[in-house]
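Dear colleague,

Here is the structure that I promised to hand over, and my notes on it follow below.

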Amino acid sequence: MTYSTGMRSAVCLAALLAGSAAQAEVTAAQVWEDWKAQLSLYGEDNLTIGSEETSSGVLTVRGLGLRVSDEDVSAEVLMSAITFNEQSDGTVRVTMAESYPVVVTGEDGVVITLMVSQQNMEMIVSGDADALDYDITADQYKIALQDVVDGDVTFTGDAEIAMNGVDLAYATTVDDLRNISYGGSISSVDILVDFQVPGGNGEYVTGGGKIVGLTTQAEMTVPLDADFEDPDSLINEGFAIAGGYTIDSSDYVFDINAEGDQASGSITMGSSTLTGEMNSSAVGYASNTNDIGLILVSGDLPLPIEINLAEYGIDFRMPTGAAGEPSDFAVGFDLIDLSISDAVWNLFDAGNVLPRDPATIQLAISGKARALFDMFDPEQQDAMNNAEMPYELESVSIDRLNVDAAGVKITGDGAFTFDNSDMQSFAPMPRPEGGALVEITGFNALLDNLVAIGLVPEQDVMGVRMMMGMFARSTGDDTMETAVKVLPNGQVNVNGNRVR
């Protein structure tokens with residue numbers, strides 16, 4: 001499914017699922033108009049309505065159909081009846097069928113039918129015509145596979161995701177843009193997959209998972225005449241989204257037999273967070289997961305694989321729009337206390353020569369850069385793709401460098417500024433100024449150990465030692481450092497020695 005289809009789905013699924021409460025009076029007709037406005041984000045031609053009936057403060061919509069398609073796949077939702085019932089306290093209660101189908105058709109003609117069901121769902125809408133708040137609760141909201149039809153073959157199996165204890169809030173306001181915010185919690189999510197592959201001679205896929213303590217929050221703005229078929233122009237016209245989620249814990253198990261290969265295992269994870277943003281000025285993403293455990297058993301592997309990780313994280317941010325002032329950028333990676341089972345170590349280090357302490361790799365780089373093009377402006381994309389430097393770099397800092405593995409520890413930091421008026425001295429880069437320091441402990445011991453277990457020939461190690469001697473100086477027993485300084489005149493010194 002394309003990028004634009006994904007954004008359409010994110011906006012409109014939120015319109016169907018979430019809200020928060022206010023005290024102003026709202027009518028059934030106003031709520032229905034808000035629904036139509038948001039569902040029309042898919043395209044007005046893709047929304048069909050069988051009939052609308054109003055009687056004594058109750059508006060009933062029958063035969064609501066919504067179709068979303070691109071060149072690869074199409075999806076169609078059909079709801080038999082939805083009622084908007086005005087309450088005595090000025091709110092509107094929305095009710096719909098306990099279940100309804102979603103039909104997905106691929107370009108190859110395969111038809112997948114999903115069934116959406118909800119238990120004890122309650123949706124209350126309050127506010128006024130230009131600022132509606134939705135409160136939604138449900139014991140369970142579930143999406144389950146009904147069947148797959150491929151020509152004359154009909155395939156059935158168990159595949160479902162069920163969200164339990166749903167409590168969400170969703171609000172919309174309308175001015176020059178449609179402003180949408182939502183947040184809430186889901187007590188747990190259950191995932192189940194269990195089916196036989198049709199004509200697969202006993203091949204199967206089984207698995208399950210449980211997510212506990214999911215909370216989510218996001219805000220977005222959408223142009224009133226949004227065209228999701230053109231996502232770049234959409235963002236230029238004001239579309240923006242920022243938000244994320246947290247999870248208390250999650251567990252997954254799987255067992256797969258395909259084409260004669262069988263694999264099974266489990267994954268456990270502790271607390272997790274994810275945040276992201278996308279707008280005309282910047283794109284950013286950050287995720288972090290704690291206490292990860294993986295067990296994998298496969299016929300292709302000589303023994304079970306067991307991996308544990310205390311923490312894993314990624315951080316990324318970059319400017320996307322041309323601006324007068326430099327903007328922040330950042331890249332980060334954290335892999336903390338990675339450990340593997342002794343059985344895996346013994347495959348290449350049966351004598352227990354290498355230290356088996358948990359390994360850590362951390363890197364964080366940040367700085368400021370000026371975007372020379374608007375990434376989401378279609379008229380500038382060709383020029384940006386052909387430019388040698390689409391960004392004007394102002395500064396870079398190494399905020400964190402920490403590697404601790406197999407007995408070697410590497411740490412470092414540094415900072416540089418860049419003179420963009422001088423593009424010749426270090427072409428094609430602007431001239432840098434600043435310095436960095438890297439310290440290494442245990443490197444020679446590692447080389448000795450690699451030779452001892454036969455992973456590296458002795459003659460290759462000699463070349464590595466000579467190379468390190470050229471760029472690093474000894475500061476103690478198997479400790480060394482490399483200090484790099486770039487002076488304003490373009491001179492480069494390494495450990496006090498001029499190399500440029």
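Which residues form a nonpolar patch on the surface? The model is predicted, so that local features need pLDDT of at least 70 and side-chain atom pairs count only at pLDDT 80 or more, whereas totals for chains, interfaces and linings use all residues. Residues are numbered from 1 along each chain as its sequence is written, and side-chain values use heavy atoms, with hydrogens and water left out.

The patch is formed by Tyr285, Phe316 and Val331, which together have about 250 Å² of accessible area (Shrake-Rupley method, 1.4 Å probe, only the protein chains shown counting as cover). Of these residues, Tyr285 lies in strand E17 (residues 282–298; strands are DSSP runs of at least two residues, helices, H or I, of at least four, numbered from the N terminus), and it counts as partly exposed because its relative accessibility is 35% (buried is under 20%, exposed over 50%, partly exposed in between).

Among the strands, E12 (residues 177–196) and E13 (residues 204–223) run antiparallel and are joined by 19 bridges (pairing requires at least two DSSP bridges), with Val189 opposite Ile211 in E13. E13 is also joined to strand E14 (residues 240–258), again antiparallel, by 17 bridges, and there Thr215 stands opposite Thr246 in E14.

As for the helices, Asp382 is in H5 (residues 378–386) and is exposed, with a relative accessible area of 60%. The C-alpha atoms of Asp382 and Gly454, which are 72 residues apart along the chain, are separated by 51 Å.

With best regards

Terms used
Patch = residues over 30% accessible without salt bridge, like charges linked within 9 Å, V, L, I, M, F, W, Y side chains within 5 Å. Salt bridge = Lys/Arg side-chain N within 4 Å of Asp/Glu carboxyl O. Buried < 20%, exposed > 50% of the residue type's maximum accessible area, 1.4 Å probe, protein only.
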